[in-house]
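Q: Could you take me through one part of this model closely, in steps that a first-year student can follow? I would like to know how strands are ordered in a sheet and what packs against them.

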Amino acid sequence: MKPLIIVSGLGCTGYKIYNLLKQQGANVVGITDRTMTTQIDDNIIMGDLRSPQVLIQAGIKQASTIVLASSDDALNVAVLTQARVLNPKIRIVNRIYNHTLGARLDRTLTDHFSMSVPSLAAPIFAFCALGNKAIGHLKLFDQTWALHEEVITLEHPWYGLSLAQLWDNLDQMLIYYLPKHQETDLVSAVINDQVLQLGDHLIVADKAKMKKKRGFFLWKWWKVFVNINTYKQYAQSIIMVTLTLLTLIFIATFTYLCVNWEISPVDALYFSVGMITGAGGKEEVAESAPDIIKIFTAVMMIVGAGIVGICYALINDFVLGSRLKQFWDAARVPTKNHYIICGLGNVGMEVIRELSSQGHEIVVIEPDHNNRFLHSVRSMGIPVIVEDASLADTLHSAHIEDAEAIIITTSNDMINVEIALTVKALVGKIPVILRIQDNQFAESVKQVFQFENVLSPTELATYSFAAAALGGRILGNGMTDDLLWVALATIITPNHPFCGKVMKEIATLSDFVPLYIHRNGDNIHGWNLLETTLTSNDVLYLTMPATKLDQLWRISPNSPLLIHS
């Protein structure tokens with residue numbers, strides 16, 4: 001019998017996780033604290049999510065896993081504690097926004113896996129910006145790989161190519177094979193040297209390409225020099241006040257020289273500067289002058305005091321306030337081949353980390369001067385334009401015309417649409433990756449405005465939560481043709497059904513694709529992988545349909561099954 005999975009909190013995300021698990025054939029029960037429309041075959045219990053009676057009614061004492069899908073961290077933690085009291089061995093998949101809290105829970109509790117919607121969705125946003133039509137992602141060899149689907153056509157470069165020729169490519173791993181005319185697994189097709197035919201589908205993982213960063217110091221100052229014109233909007237007021245002050249000093253110096261030719265130009269300049277700034281010095285220049293010059297001196301003192309005060313205020317604001325940061329950011333904005341991120345929230349921050357780790361140049365547009373991520377982004381050496389991204393001038397200052405792509409990730413759907421429309425009006429051909437929270441609205445926006453990449457973080461993350469609920473710490477997943485693909489790592493124990501079996505035989509029988517084996521500090525992959533016999537303490541990395549994960553459930557509950565790489 002399949003183990004019971006409980007989904008707690010059937011909001012937008014929770015109900016999608018519940019339906020996906022049900023679609024994959026899992027034994028799943030939902031708990032909700034709100035009135036909702038259900039289907040005839042739904043197994044949903046209504047009540048307080050934290051109530052022991054509700055949890056017991058849902059089968060918490062017999063359940064193997066509970067998915068805490070509420071958007072409220074405090075509520076999820078409350079349900080977590082109650083669930084562990086009733087079933088100390090239950091496995092917990094926790095949707096949590098506070099990364100620090102999630103990490104601490106993972107370290108403190110056994111079988112607790114915290115997951116974040118932004119961190120799960122960010123790689124897909126990044127892949128789309130880089131031009132990949134990703135259907136998912138996975139983490140292997142300390143790198144992020146993009147999952148995408150290849151449909152074999154007459155023009156496709158792989159048409160007529162043997163699958164065996166693609167098998168040993170470590171930069172592009174084969175994940176799954178869906179032949180058009182007959183049913184066969186990928187491993188059998190590789191061993192039998194099967195040729196790709198018209199209409200075949202391949203799920204492929206591409207390694208994210210790392211872009212070499214330019215020399216930091218010299219490149220940084222080169223960008224400052226190239227963007228010298230951007231100083232104007234931030235330094236214009238200081239320049240104007242400074243020029244006014246210098247003009248006053250020049251007028252005063254010239255006036256004193258004209259009245260008394262016996263004084264030197266240096267003395268006249270020295271007195272003018274001291275008189276206007278209030279520092280004093282060489283007062284004899286004015287003491288022996290006519291009354292009209294003394295009146296002139298008094299007026300210049302008053303005007304000069306005002307101008308100097310304004311100048312000091314502007315300089316203090318520029319240096320001690322946010323102006324200097326904006327000034328420096330504007331000077332460092334890349335001029336071409338960069339990526340623009342609009343909206344510095346959780347999703348935007350994760351996308352920045354993803355692109356930055358691959359060596360790409362980024363500029364961020366964020367209107368909030370008090371955004372909590374500003375310091376973190378600037379500490380990464382990434383310039384931030386603190387302006388409204390829906391304005392054409394702001395986008396021009398980010399050099400939208402020569403950017404590789406723009407990723408719009410604010411938490412407001414309508415603001416995102418407005419920014420995207422502004423971008424299309426300015427630069428029609430630039431790739432726009434648009435975040436829309438509501439999936440139904442996302443489809444409408446995509447169809448009406450003909451945006452190519454409209455993504456819902458919740459929709460993207462749902463598959464990962466469902467995959468994690470089905471078994472272990474998930475390394476990645478993808479979704480195609482209503483079938484969920486899961487990448488995971490399993491440790492081979494003496495009681496494991498795969499122990500002692502030759503890889504190609506067990507892979508063909510169980511319909512999974514081996515990626516590699518980690519054995520005694522080394523990785524086994526390629527053709528050697530297929531001929532390897534699995535032994536105790538091997539760590540097998542594989543992909544398989546979520547519907548086939550019940551094969552791993554047959555293992556004794558005392559045996560360690562899944563681990564995280």
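A: Six strands form an open sheet, in the order β3-β2-β1-β4-β5-β6, and their pairing is parallel. Helices (H or I, at least four residues) and strands (E, at least two) are DSSP runs, numbered from the N terminus, and two strands pair if DSSP finds at least two bridges between them. The strands of a sheet pair through backbone hydrogen bonds, either parallel or antiparallel. At the edges of this sheet lie β3 (44-46) and β6 (112-115), each of which pairs on one side only, and the twist averages 15 degrees from one strand to the next.

This is a predicted model, in which local features need pLDDT of at least 70 and side-chain atom pairs count only at pLDDT 80 or more, while totals for chains, interfaces and linings use all residues. Residues are numbered from 1 along each chain as its sequence is written, and side-chain values use heavy atoms, with hydrogens and water left out.

Within the sheet, strand β1 (residues 4-8) pairs with strand β4 (residues 65-68) in the parallel sense over 4 bridges, and I6 stands opposite I66 in β4. Helix α19 packs on this sheet, where it touches β1, β4, β5 (91-95) and β6, and its direction makes about 170 degrees with that of β5. Axes here are lines fitted to C-alpha atoms, for helices over the stretch in contact, and angles run from 0 to 180 degrees between N-to-C directions. Contact means heavy atoms within 4.5 Å.

The helix that packs on the sheet also meets another helix: the axes of α1 (residues 12-23) and α19 (residues 457-470) come within 9 Å and cross at roughly 50 degrees. That angle makes α1 oblique to α19, since angles under 35 degrees count as roughly parallel, over 145 as roughly antiparallel, 65 to 115 as roughly perpendicular and the rest as oblique. The crossing of α1 past α19 is right-handed, which is the term used if the near helix is turned clockwise from the far one by less than a right angle, whereas an anticlockwise turn is left-handed. On the α1 side the contact involves T13, K16, I17, L20 and L21, and on the α19 side T458, E459, T462, Y463, F465, A466, A469 and L470. These residues divide into 8 nonpolar, 3 polar and 2 charged, where Ala, Val, Leu, Ile, Met, Phe, Trp, Tyr, Cys and Pro count as nonpolar, Asp, Glu, Lys and Arg as charged, and the others, Gly among them, as polar.

A further sheet can be read in the same manner. Its 6 strands form an open sheet in the order β13-β12-β11-β14-β15-β16, with parallel pairing, and its edge strands are β13 (384-385) and β16 (453-455), each pairing on one side only. Strand β14 (residues 405-408) pairs with strand β15 (residues 432-435) in the parallel sense over 3 bridges, and I407 stands opposite I433 in β15. Helix α14 packs on this sheet, touching β11 (339-342), β12 (362-365), β14 and β15, and its direction makes about 165 degrees with that of β11.

Helix α14 (residues 346-357) also meets helix α5 (residues 117-129), their axes coming within 8 Å and crossing at roughly 55 degrees. The two helices α5 and α14 are therefore oblique to each other, and α5 passes α14 in a right-handed crossing.
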